[in-house]
Amino acid sequence: MRVKHSQTIYSEKRYLRTMAKSKVEAVDREEFYVSVVIPVFNEELTIGDIVARTRSTLEQLKLPYEVLVVDDGSVDRSAEISQASEAQVIREAHQGKGHALRLGFKRAKGDVIVTLDSDGSHQPEEIPLILRCMIENKVDFVIGSRFFDTEVNNAKIPNLNRIGNRVFADLIRLFTGMKISDSQSGFRAIRSSVIKKMRLKSRGYEVESEMLVKAVKMGVRVAEIPISFEQRTIGKSRLDPFKDGTKILYSIITSYLF
Ligand SMILES: Nc1nc2c(ncn2[C@@H]2O[C@H](COP(=O)(O)OP(=O)(O)OP(=O)(O)O)[C@@H](O)[C@H]2O)c(=O)[nH]1
Ligand SMILES: [Mg+2]
């Protein structure tokens, strides 16, 4: 199968410098409503801070926005804390990160959807960088990559996860011709018109690769920019490198073929 697409991978050092200088910068020239969708599963120690920083960043940008936290079955106070932080909270029985994101996408009213993790790995102050990249490069899907600033971020990411990421990137490149450094990053922005056409099916961590492969197949313009990254220091990862890695491999293949 031949994939017809136009694509841009944007990786200029400029963005790293911008990041160091000022994190909340004006996103100009385009007005759009931003929906930030945050999946949460037992992250009571970090979710309040993430929602507060997300809201404060969007307030400074002066863009209309909403923050949707999707909590599918946390047994801690994640949902209560999110509500108290003035996020809209969607609650459901536990199914997985992919299912949670899909619920959030369905509910989101925005023209652009931003996703970020709630365990403190991503910096909400970098949302403007992602949005700016979308506007300046006229792309529909921007991925925040952990693997540009390799010396700093590589050391924070477990070896097995890094190897897995490399394998997924190679496979995606083989199938689609697209060079990607971080197909699994959960820090992204995508036009909701694109999401609507994707018919996502993933329940778990494979949602990120499903979105990417389907976007490339649809001919959507995709860009990557560097982000800073902190490995979680509190709470618990539920990612099983073998079980979830296999699901991700399977998802890359099926998303490409069907
Ligand atoms: N709603 C919901 N969110 C989830 C689920 N699984 C993970 N998440 C969230 O998705 C984000 C990423 O999950 P992590 O467990 O940190 O996975 P990871 O980042 O690949 O793993 P680490 O590198 O160990 O942090 C976090 O914000 C989680 O709270 C789930 O089943 N439901
Ligand atoms: Mg994490």
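**Ligand shell, sheet and core of the predicted model**

Around ligand 1 lie 20 residues, of which Pro39, Phe41, Ala100, Asp117 and Ser237 come nearest. Three elements each give two or more residues to this shell, namely β1 (34-40), β2 (65-71) and α4 (97-107). Sorted by class, the shell comprises eight charged, six polar and six nonpolar residues. It is worth keeping in mind that the model is predicted, and that totals for linings, such as these, use all residues.

A step back to the whole chain helps to place these elements. The chain has 258 residues, and 47% of them are buried. Its secondary structure consists of 10 helices and seven strands. Among contacts between residues at least 6 apart in sequence, 79% join residues that are at least 24 apart.

The strands can be followed across the sheet. Seven of them form an open sheet with mixed pairing, in the order β3-β2-β1-β4-β6-β5-β7. At its edges are β3 (88-91) and β7 (222-226), each of which pairs on one side only. From one strand to the next, the twist averages 20°. Helix α2 (residues 47-61) packs on this sheet and touches β1 and β2, and the direction of the helix makes about 165° with that of β2.

Strand β1 deserves a closer look, as one of the elements that contribute to the ligand shell. Seven bridges link β1 to β2, and the two strands pair in the parallel sense. Within this pairing, serine 35 has glutamate 66 of β2 as its bridge partner. Strand β1 is mostly covered, with seven of its seven residues buried. The burial extends to both faces: Val34, Val36, Ile38 and Val40 are buried on one side, while Ser35, Val37 and Pro39 are buried on the other. Pro39 thus appears in two settings, being buried in β1 and also among the residues that come nearest to ligand 1.

Elsewhere in the sheet, strands β5 (residues 141-145) and β6 (residues 188-191) run antiparallel and are joined by three bridges. Here valine 142 stands opposite alanine 189 in β6. Valine 142 also has a prominent place in the largest nonpolar core: of the 63 residues in that core, Val69, Ile130 and Val142 touch the most other members. Which residues does valine 142 contact, leaving aside its neighbours within four places in sequence? The partners are Ile130, Cys133, Met134, Arg188, Ala189, Ala223 and Ile225. Ala189, the residue opposite valine 142 in β6, is therefore one of these contacts, given that contact requires C-beta atoms within 7 Å.

Two lysines stand out for their backbone angles. Lysine 62 has a phi near 60°, a positive value in a residue other than glycine. This lysine lies in the loop between α2 and β2. Is lysine 62 buried or exposed? Lysine 62 counts as exposed because it has 10 C-beta neighbours inside 10 Å, and a residue is exposed if 12 or fewer other C-beta atoms lie within that distance.

Lysine 138 is also not a glycine, yet has a positive phi of about 50°. The position of lysine 138 is in the loop between α5 (127-136) and β5. Lysine 138 counts as exposed because 10 C-beta neighbours lie inside 10 Å.

Key
Residues are numbered from 1 along each chain as its sequence is written. Chains are lettered from A and ligands numbered from 1 in the order in which they are written. This is a predicted model: local features need pLDDT of at least 70, side-chain atom pairs count only at pLDDT 80 or more; totals for chains, interfaces and linings use all residues. A residue is near a molecule or strand if its C-beta atom, placed from the backbone, lies within 6 Å of it. Helices (H or I, at least four residues) and strands (E, at least two) are DSSP runs, numbered from the N terminus. Ala, Val, Leu, Ile, Met, Phe, Trp, Tyr, Cys and Pro count as nonpolar, Asp, Glu, Lys and Arg as charged, and the others, Gly among them, as polar. A nonpolar core is a set of buried Ala, Val, Leu, Ile, Met, Phe, Trp, Tyr and Cys residues joined through C-beta atoms within 7 Å. A residue is buried if 20 or more other C-beta atoms lie within 10 Å of its own, exposed if 12 or fewer, and partly exposed in between; C-beta atoms are placed from the backbone. Two residues are in contact if their C-beta atoms, placed from the backbone, lie within 7 Å. Two strands pair if DSSP finds at least two bridges between them. Axes are lines fitted to C-alpha atoms, for helices over the stretch in contact, and angles run from 0 to 180 degrees between N-to-C directions.
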